[in-house]
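Trainee: I've got a model open and I'd like to learn how to read a sheet. Can you walk me through it?

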Amino acid sequence: MTSSELWTRATADRYDAEEAEASSAAVLGPTLAFLAELAGDGRALEFAIGTGRVGVPLRERGVPVVGIELSEHMAAVLRRKIDEGTLPVVIGDMATTVVPGGFTLVYLVYNTITNLLTQDEQVECFRNAARHLEPGGRFVIELGVPPLRLLPPGQVAVPFDVSQQHLGFDTFDLVEQMLVSHHFTRDGDDGHYRRENSRHRYAWPAELDLMARIAGLELERRVADWDGSPFTQDSAKHVSVWRKPA
C-alpha cells in the first residue's frame with residue numbers, strides 16, 4: 001500500500017458526473033489518438049485507471065487495455081461499463097502492483113502521479129512502468145506544471161477554478177513540495193456547498209526525467225497537451241513520453 005489517499009464510494013459514484021467535460025469527445029479525442037498511436041499493435045497498461053474515463057474508450061478503439069486501480073469503489077464504477085474479460089483491472093497501487101505480460105504502452109494521466117506523496121514512491125512508479133514495458137515501449141504521464149510563479153511573496157494559495165458551481169484552489173507547502181487541493185462544490189439549488197480536499201506531491205518535468213533515468217527510461221518527447229502543441233516556459237501542463245531502450 002502506498003501513501004495515496006483512497007477514493008470513497010460517494011466520491012467514486014459522482015466522479016463521472018463531475019468530470020463530464022473531461023470525458024467529452026472534444027477533450028478525449030486527442031488523448032485517445034495520442035495513446036493509440038503509441039500502443040500500436042501492442043497492449044496498454046493504465047496506472048490508476050479509475051472509472052475508466054480513458055481506458056474504456058481506448059479499449060473501444062481496439063487497443064487491449066489492462067488497468068491497475070487502488071480504489072475498489074472506482075473500479076466498481078468502471079465495471080458497470082465494461083466486463084472483466086474485455087478490460088481486466090487489478091486492485092493495487094501503481095508503484096508496486098505487477099500484472100502479467102508485457103506492454104508497449106504504460107500511461108498515467110490527469111496529474112495522478114501526484115497522488116503518490118513521497119519522492120521514493122514516485123520513483124518506484126517509474127520503475128514499475130519500466131518493469132511492465134517491452135523493449136522500445138513507452139511510459140506516458142500527463143501532469144500540470146506547478147504554478148508557483150503565480151504566488152506573490154507571502155501567499156500560499158492559487159485558485160484554479162472559480163464558477164457558480166465550484167470553487168477550487170491549491171495551497172502549497174514549498175518546503176515539503178506538497179500541495180492541498182481544496183474544492184467547494186455546490187450541491188443542488190439550496191445554496192449549500194460540499195467541501196473536499198486532497199493532498200498531492202508536485203514534481204517538475206526535470207525531476208520526472210531524473211526518475212525516468214533511475215528506472216532506465218529515456219525522454220523521447222514532451223509536449224504541452226495531447227494535441228502535440230509545443231511545450232514552452234508558459235505551458236500550464238505537459239504530456240511526457242519516455243522510452244525503454246530496445
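Trainee: Let's start with one residue. Which strand does Ser-198 lie in?

Mentor: Ser-198 lies in strand 9. Keep in mind that this is a predicted model.

Trainee: And how do I read the sheet around a strand like that?

Mentor: Here's the general idea: strands of a sheet pair through backbone hydrogen bonds, and the pairing is either parallel or antiparallel. In this case, 4 strands make an open sheet, ordered 6-7-8-9, with antiparallel pairing. Strand 6 (157-162) and strand 9 (193-201) are the edge strands, each pairing on one side only. From one strand to the next, the twist averages 15°.

Trainee: How many bridges join strand 7 to strand 8?

Mentor: There are 8, linking residues 166-173 of strand 7 with residues 178-186 of strand 8. To find one yourself, pick Gly-168: its bridge partner in strand 8 is His-183.

Trainee: What about strand 6 and strand 7, how many bridges join those?

Mentor: That antiparallel pair has 5 bridges. Look for Val-158, which stands opposite Asp-170 in strand 7. The two strands, 6 and 7, form a hairpin, with 3 residues between them.

Trainee: Back to Ser-198, then. Which side chain does its own side chain make a polar contact with?

Mentor: With the side chain of His-200, at 2.8 Å.

Trainee: And which residues is Ser-198 in contact with, leaving aside neighbours within four places in sequence?

Mentor: Those are Glu-5, Leu-179, Val-180 and Ser-181. Now check strand 8 again: it covers residues 178-186, so you can trace the contacts from there.

Technical notes
Residues are numbered from 1 along each chain as its sequence is written. This is a predicted model: local features need pLDDT of at least 70, side-chain atom pairs count only at pLDDT 80 or more; totals for chains, interfaces and linings use all residues. Side-chain values use heavy atoms; hydrogens and water are left out. Two strands pair if DSSP finds at least two bridges between them. Axes are lines fitted to C-alpha atoms, for helices over the stretch in contact, and angles run from 0 to 180 degrees between N-to-C directions. A polar contact is a pair of N or O atoms within 3.5 Å; within protein, one must be able to donate a hydrogen and the other to accept it, and residues adjacent in sequence count only if both atoms are side-chain atoms. Contact means heavy atoms within 4.5 Å.
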